[in-house]
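Here's a quick tour of one model, looking at charged pairs, packing and empty space. Have the viewer open and follow along.

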Amino acid sequence: MRHALPVLALVVALSAFTPQGAHAFPRPDIAFTAGTTLGVAGDPNSGGLSLSATPLWNVNDRFAFGITIFADDMGTGVSDLRDANSGLHIGTIPTSHRWTYGGAWRADATVLRHKKWTADAVGQWGYYRLEDDLRGAVSGAASTVGFGLGANLRHATAAGQEMGLAARYNRLFTDRSAVYSRVDHYASLALEWRWAGTSKL
């Protein structure tokens, strides 16, 4: 995830700390998620870390739109190590690693608001970059488009801040003639922290 993390930090910093005057661009809400992937198609498919950062501009009290930057680990393949003389199992070594990163348009629609709780339906559409590597050396890569559908459930914890859960299903339109044709979907479950901006479009 070495390429995506600097981009995450830059996008969030520019969005959150842009000066806000009479003619300045509206300051967005900022949503961070950190969790795990699961239900990964293809091999390896053990899952791993899932990260995202999203500036969201509120259109009204119900709808918000933004751009999400994400990095999701698909999993690491391992092979058994055995003693050459006895054949006893002595451990495992990684043989492959796969992850995806990219950016997408995102739309949130609030479906429930009760006291300090908020539930949103979430949709996104954008660019996914798939990469295979071993110890940092890339051995294969492919680019595609895809979409994500999911839901958030958040609870207000402090002035302008909310914490909760974010669940996503991602569908990738991969090339059926390539090895990545097997990586056509995965899901994620993460904790979300959201900081509210100060204005609306």
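## Salt bridges first

There are eight salt bridges in the structure, a salt bridge being a side-chain nitrogen of Lys or Arg within 4 Å of a carboxyl oxygen of Asp or Glu. Before going on, note that this is a predicted model, where local features need pLDDT of at least 70 and side-chain atom pairs count only at pLDDT 80 or more, while totals for chains, interfaces and linings use all residues. Residues are numbered from 1 along each chain as its sequence is written, and side-chain values use heavy atoms, with hydrogens and water left out.

Three of the pairs are set out here.

| Salt bridge | N to O distance |
|---|---|
| E131 and R129 | 4.0 Å |
| R154 and E162 | 2.9 Å |
| R194 and E192 | 3.4 Å |

How exposed are these partners? For accessibility, buried means under 20% relative accessible area, exposed over 50%, and partly exposed in between (1.4 Å probe, protein chains only). E131 is buried at 6%, whereas R129 is partly exposed at 22%. R154 is buried with a relative accessible area of 4%, and E162 counts as buried too, at 17%. R194 and E192 are both buried, and they belong to a salt-bridge network that also takes in R106 and D108.

## The nonpolar core

In soluble globular proteins, nonpolar side chains tend to be buried together. Here, the largest nonpolar core has 10 residues: V40, F70, M74, A104, Y128, L130, L172, Y180, V183 and Y186. A core of this kind is a set of buried Ala, Val, Leu, Ile, Met, Phe, Trp, Tyr and Cys residues joined through side-chain atoms within 4.5 Å. Strand 3 and strand 5 each supply at least two of its residues; strands are DSSP runs (E, at least two residues), numbered from the N terminus.

Take A104, which sits in strand 4 and is buried, with a relative accessible area of 4%. Leaving aside neighbours within four places in sequence, A104 is in contact (heavy atoms within 4.5 Å) with G66, I67, T68, F70, Q124, W125 and G126. G66 is 38 residues away along the chain, yet the C-alpha atoms of A104 and G66 are separated by 8.5 Å. With the same kind of neighbours set aside, the contacts of V40 include M74 and Y186.

## Pocket and cavity

Now for the empty space. On a 1 Å grid over the protein atoms alone, a cavity is a set of points where a 1.4 Å probe fits but cannot get out, while a pocket is an open set with protein on both sides within 12 Å along at least five of seven lines; lining residues have an atom within 4 Å of a point.

The largest pocket has a volume of about 410 Å³. It is lined by 26 residues, of which D29, N58, R113, R154 and E162 are the closest to its centre. The pair R154 and E162 thus turns up again, having met in a salt bridge above. Strand 4 gives the most to this lining, with four residues. By type, the lining has seven nonpolar, seven polar and 12 charged residues.

The count of cavities of 30 Å³ or more comes to one. Its volume is about 170 Å³, and among its 15 lining residues the closest to the centre are T33, S52, Q124, R168 and S188. This lining divides into five nonpolar, seven polar and three charged residues.

Notes: Points joined across faces, edges and corners; volume = space filled by probe spheres on them. Nonpolar A, V, L, I, M, F, W, Y, C, P; charged D, E, K, R; others polar.
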